[in-house]
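This report looks at empty spaces, two chosen residues and the cysteines of one protein chain. Please keep the sequence and the structure in view while reading.

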Amino acid sequence: MQTTEVGQNSEIKQVIGSLCMMNNRFMNFMLDDNKKAAQVFLRVILGDDKIKVRNVRIQSFIQNIYGHSSQLDILAQDSKGRYFNVEVQRSDEGAPARRARFYSSILDTHFLQPSKLYEELPDTYVIFITENDVLHDNLPLYNIRRRIDENAKCFEDGSHIIYVNSQRRDDTALGKLMQDLYCTEPKNLHYHEFAERMEFLKYSKEGEEKMTDVIEEYAARKAEAVAKETAKEKNIEFAKGLLADGMSIEFTVRHSKLTEAEVRELASKLTA
């Protein structure tokens, strides 16, 4: 085996070893057709030990012929016919309130079949697990419901939006679940329903093959980073040439794609 190939295999294993469930793609692999694991998520987040997951799918594409379509990270259904959409969001920009509203509405339009009565519309739950506390009240959980302003009573339309703050990793059941989201080793997981799947994905040949697209995604990101770094180096060399030829700071900024601060720093080094 070539030395480079050995190095690549070692790097791949390092990448797989570093993955946790806060990585969106790895979470998908952990929950794909894994009803027991999905059940743990829903039971802990909703505080209901009686939830029984009937099926769970990842990357469910919901077509909207009249507007914006959506691809849901995780979509589960329980024995009562309720639907649960779980989204892992590491970026604050990925979990705005109106996105939650849209996902809730698209579940409604998708799961109420023609000729069905409005009363048959199933309950839906859109659950955002966020890396940061995007709602800024330092709560572990935010249950969002419609209510009547005049009497503060809940408007029971069956729609639920929940934000889970993964920064709250204490010793409660929810806190331990959040700890597990950042855990990279199966032996350190609190919930055994996750451990077996993580062991398979990280430490078996079949698991490694299953995660090919995660690795390819990593390789693509690395190639993009290298390309950006190479382009930046070329821009720096180009800017140095312009400055050496007596071009102004403004001219160099305009033509080198560097910031003014970067160009001024180069200029100061050239004149030092």
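## A buried serine

A residue is called buried when its relative accessible area is under 20%, exposed when that value is over 50%, and partly exposed in between. The model shown here is a predicted one, and in this predicted model Ser-256 has a relative accessible area of 0%, so Ser-256 counts as buried.

Ser-256 belongs to helix α9, which covers residues 249–256. Its side chain reaches the backbone oxygen of Thr-252 at 2.6 Å. When neighbours within four places in sequence are left aside, the residues in contact with Ser-256 are Asn-235, Phe-238, Ala-239 and Val-263.

## A partly exposed asparagine

Is Asn-132 buried, exposed or partly exposed? Its relative accessible area is 32%, and because this value lies between the two cut-offs of 20% and 50%, Asn-132 is partly exposed. Asn-132 is found in a loop, namely the one between β4 (124–130) and β5 (141–144).

Setting aside neighbours within four places in sequence, Asn-132 is in contact with Arg-90, Asp-92, Asn-165 and Gln-167. With one of these residues, Asp-92, the side chain of Asn-132 also forms a polar contact of 3.1 Å. Leu-174 can serve as a further point of reference, since 42 residues of sequence separate Leu-174 from Asn-132, while the C-alpha to C-alpha distance between them in space is 15 Å.

## The cysteines

How many disulfides does a search of the whole structure find? The search finds 0 disulfides. For Cys-183 the closest cysteine sulfur is that of Cys-20, at 8.7 Å from the sulfur of Cys-183, and because a disulfide requires two cysteine sulfur atoms within 2.5 Å, this pair is too far apart for a bond.

Two of the cysteines can also be described by their accessibility. Cys-183 has a relative accessible area of 11%, which is under the 20% cut-off, and therefore counts as buried. Cys-154, at 41% relative accessibility, counts as partly exposed, because 41% lies between 20% and 50%.

## The largest pocket

Rolling a probe the size of a water molecule over the atoms shows where empty space is left. The largest pocket holds about 330 Å³ of space. The pocket is lined by 19 residues, and those closest to its centre are Arg-101, Ser-104, Arg-146, Ser-159 and Ile-161. The elements that give two or more residues to this lining are α4 (97–111) and β6 (159–165).

Which element supplies the largest share of the lining of the largest pocket? That element is α4, from which 6 residues come. Sorted by class, the lining of this pocket is made up of 8 nonpolar, 6 polar and 5 charged residues.

## The largest cavity

The count of cavities of 30 Å³ or more comes to 1, and the largest cavity has about 40 Å³ of space. The residues that line the largest cavity are Leu-31, Ala-38, Phe-41, Leu-42, Val-56, Ile-74, Ala-76 and Val-86. By class, this lining has 8 nonpolar residues, with no polar and no charged residues.

At least two residues of the lining of the largest cavity come from each of α3 (35–46) and β2 (70–78). Of the elements, α3 gives the most to this lining, with 3 residues.

Conventions
Residues are numbered from 1 along each chain as its sequence is written. This is a predicted model: local features need pLDDT of at least 70, side-chain atom pairs count only at pLDDT 80 or more; totals for chains, interfaces and linings use all residues. Side-chain values use heavy atoms; hydrogens and water are left out. On a 1 Å grid over the protein atoms alone, a cavity is a set of points where a 1.4 Å probe fits but cannot get out, and a pocket is an open set with protein on both sides within 12 Å along at least five of seven lines; lining residues have an atom within 4 Å of a point. Grid points are joined across faces, edges and corners, and a volume is the space filled by probe spheres set on the points. Helices (H or I, at least four residues) and strands (E, at least two) are DSSP runs, numbered from the N terminus. Ala, Val, Leu, Ile, Met, Phe, Trp, Tyr, Cys and Pro count as nonpolar, Asp, Glu, Lys and Arg as charged, and the others, Gly among them, as polar. Buried means under 20% relative accessible area, exposed over 50%, partly exposed in between (1.4 Å probe, protein chains only). Contact means heavy atoms within 4.5 Å. A polar contact is a pair of N or O atoms within 3.5 Å; within protein, one must be able to donate a hydrogen and the other to accept it, and residues adjacent in sequence count only if both atoms are side-chain atoms.
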